[in-house]
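Here is a friendly walk through one chain, from its strands to its helices and the core between them. Please keep the viewer open as you read.

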Amino acid sequence: MQPCELCGKYPSAKVVDVEGSTMSVCQACTSFGTIIEQPTVVQKKVRTVEPEQSVVGNFSSLIKQSRESKQMTQHEFSQFVAVKESTIHQLETGNLTPSLEQATKLARKLGIRLVETIEHTKVKVASSKEKDLTIGDILELGK
Ligand SMILES: [Zn+2]
């Protein structure tokens with residue numbers, strides 16, 4: 001931090017216009033000139049994609065179709081996929097929604113798709129102090 005251009009005692013805190021010239025002065029000396037606001041433009045758009053996995057809505061009919069295509073009873077099927085028979089029954093009737101882990105395992109075993117990926121796109125906009133720069137300001141700051 002450079003010292004105040006007017007008194008030299010304190011670090012400069014503001015940029016002021018003193019009779020046409022731009023000077024960095026301390027807080028105490030700002031009264032000698034006109035404060036030139038230094039615009040800060042901060043605008044950020046943060047786009048994040050969060051993939052989320054979920055079990056497909058028609059899992060029950062997919063499981064049932066898969067079993068029927070293999071011509072298996074629920075009992076045989078339960079042994080094939082290593083899932084309790086009662087669970088198979090509940091899955092086929094839609095009374096039980098498989099966990100993601102369970103659905104993934106079943107899907108792999110059966111060669112069907114039971115898990116879908118939903119992408120949520122979030123756009124965050126962060127902005128702070130905004131001030132339009134005029135040509136005059138730019139020339140003034142460039143001195
Ligand atoms: Zn000063």
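Helices and strands here are DSSP runs, numbered from the N terminus: a helix is H or I over at least four residues, and a strand is E over at least two. With that in hand, the elements of the chain run β-β-β-β-α-α-α-α-β-α from the N terminus on, which gives five helices and five strands. This is a predicted model, in which local features need pLDDT of at least 70 and side-chain atom pairs count only at pLDDT 80 or more, while totals for chains, interfaces and linings use all residues. Residues are numbered from 1 along each chain as its sequence is written.

**The sheet**

Let's begin with the strands, where two strands count as paired if DSSP finds at least two bridges between them. Three strands form an open sheet in the order β2-β1-β3, with antiparallel pairing. Its edge strands, β2 (21-25) and β3 (34-35), each pair on one side only. Strand β1 (residues 14-18) is joined to β3 by two bridges, and β1 and β2 pair over five bridges. V16 is a handy residue to click on: M23 in β2 stands opposite it, and I35 is its bridge partner in β3. The hairpin of β1 and β2 has two residues between the strands, and E19 takes a positive phi there, near 45 degrees.

**Two helices with a buried side**

For burial, we count other C-beta atoms (placed from the backbone) within 10 Å of a residue's own: 20 or more means buried, 12 or fewer exposed, and anything in between partly exposed. By that count, buried residues make up 14% of the 143 residues in the chain.

Helices α3 and α4 can be set side by side, with the arc taken from the directions from the helix axis to the C-beta atoms.

| Helix | Buried residues | Arc of buried residues | Exposed on the other side | Positive phi just after |
|---|---|---|---|---|
| α3 (residues 85-93) | I88, L91, E92 | within 95 degrees | S86, T93 | G94, about 80 degrees |
| α4 (100-110) | A103, L106, A107 | 100 degrees | E101, R108 | G111, about 70 degrees |

Why do the buried residues of α3 line one face of the helix? Seen down the axis, they fall within an arc of 95 degrees, so they line one face. In α4 the arc of the buried residues is only 100 degrees, which puts them on the same side of that helix.

**The core and its contacts**

What do the buried residues of α3 pack against? Taking a contact as two C-beta atoms, placed from the backbone, within 7 Å, they pack against α1 (59-69) and α2 (74-81). L91 touches S60, I63, L96 and P98, not counting residues up to four places away in sequence.

A nonpolar core is a set of buried Ala, Val, Leu, Ile, Met, Phe, Trp, Tyr and Cys residues joined through C-beta atoms within 7 Å. The largest one has 11 residues in all: F59, L62, I63, F77, V81, I88, L91, A103, L106, A107 and L114. Each of α1, α2, α3 and α4 supplies at least two residues of this core. In soluble globular proteins, nonpolar side chains tend to be buried together.

K64 is found in helix α1 and is partly exposed, with 18 other C-beta atoms within 10 Å. The C-alpha atoms of K64 and E92 are separated by 5.6 Å, although the two are 28 residues apart along the chain. Over the whole chain, residues 24 or more positions apart account for 45% of the contacts with a separation of 6 or more.
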